[in-house]
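Dear colleague,

Please find below the structure that I am handing over to you. My notes on what was found in it follow directly after.

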Amino acid sequence: MSGFVERVIGDWLTSASERSYQLAFAAYLARSGHAVKYVSPHSTLEHGKDIVSVRQGELNAYQLKAGNVSLATWRGIVDEVREAATVPVDVPGIRRRVADRAYLVLTGRLSDPVRHQISLINEDHATRGFAQIEVIEIDELVSTFARVFEAFCPNEIGALHRLVELYLRDGSGPQE
């Protein structure tokens with residue numbers, strides 16, 4: 001795939017809010033073999049889970065955030081991110097249990113101090129039997145979206161005048 005599609009996706013994601021890319025991320029999960037069981041309306045009951053999916057028997061919890069995460073930003077979201085891994089999933093049709101895998105999905109990047117904090121939290125989670133917090137940052141998100149959604153993106157554009165002709169037709173004649 002050309003770099004153009006990745007740049008378009010990257011530009012969209014860097015300006016997207018967490019809610020505006022949430023459905024696209026859920027669609028990506030569904031196209032990747034996940035059964036999406038929950039997409040948050042962003043209420044107080046989400047407990048750190050914007051999206052919940054099941055794939056091959058594993059229960060996955062995703063916390064989505066927009067932009068870069070500095071240490072100051074992290075302090076405001078750390079509890080929510082931890083909840084993705086430690087608070088049981090309560091979704092109809094799924095036995096109430098803690099997620100097998102927990103993800104922080106970003107349209108930006110983590111600062112190094114935050115990356116270190118997540119490593120420390122993961123050490124604590126390992127001793128307590130909770131899921132590790134895995135991070136998906138902007139570069140991985142762009143490449144994943146581009147790969148999965150390439151079927152929706154044109155690989156080549158034919159003669160522009162043919163496209164304009166088709167667009168301008170009233171639809172009553174034969175289509176060529």
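Among the contacts in the protein with a separation of 6 or more, 64% are between residues 24 or more positions apart. Please note that this is a predicted model.

The protein contains six helices and five strands. Along the sequence they follow the pattern α-α-β-β-β-α-β-α-β-α-α. Of its 176 residues, 37% count as buried.

The interior deserves your attention next. The largest nonpolar core has 22 residues, and those that touch the most other members are Leu13, Tyr21, Phe25, Tyr62, Val105, Leu141 and Phe145. Two or more residues of this core come from each of α1 (3-15), α2 (18-31), β3 (58-65), β4 (101-106) and α5 (138-148). The greatest contribution is that of α5, with six residues. Leaving aside residues up to four places away in sequence, Tyr21 touches Trp12, Leu13, Ala16, Leu64, Lys65, Val105, Leu106, Thr107 and Leu141. Another core, of 18 residues, lies apart from the largest one; Val78, Ala99, Val114 and Ile118 are among its members.

Turning to the surface, the protein exposes about 10,300 Å², of which carbon and sulfur atoms supply 53%. A nonpolar patch is formed there by Leu23, Val36 and Val39, which together have about 230 Å² of accessible area. Val36 belongs to strand β1 (residues 35-39). Is Val36 buried or partly exposed? Val36 is partly exposed, because its relative accessible area is 31% and buried would require under 20%.

With kind regards

Technical notes. Residues are numbered from 1 along each chain as its sequence is written. This is a predicted model: local features need pLDDT of at least 70, side-chain atom pairs count only at pLDDT 80 or more; totals for chains, interfaces and linings use all residues. Side-chain values use heavy atoms; hydrogens and water are left out. A nonpolar core is a set of buried Ala, Val, Leu, Ile, Met, Phe, Trp, Tyr and Cys residues joined through side-chain atoms within 4.5 Å. Buried means under 20% relative accessible area, exposed over 50%, partly exposed in between (1.4 Å probe, protein chains only). Helices (H or I, at least four residues) and strands (E, at least two) are DSSP runs, numbered from the N terminus. Contact means heavy atoms within 4.5 Å. Patches are made of residues with over 30% relative accessible area and no salt bridge: like charges are joined within 9 Å, nonpolar side chains (Val, Leu, Ile, Met, Phe, Trp, Tyr) within 5 Å. Accessible areas come from the Shrake-Rupley method with a 1.4 Å probe; for residues, only the protein chains shown count as cover. A salt bridge is a side-chain nitrogen of Lys or Arg within 4 Å of a carboxyl oxygen of Asp or Glu.
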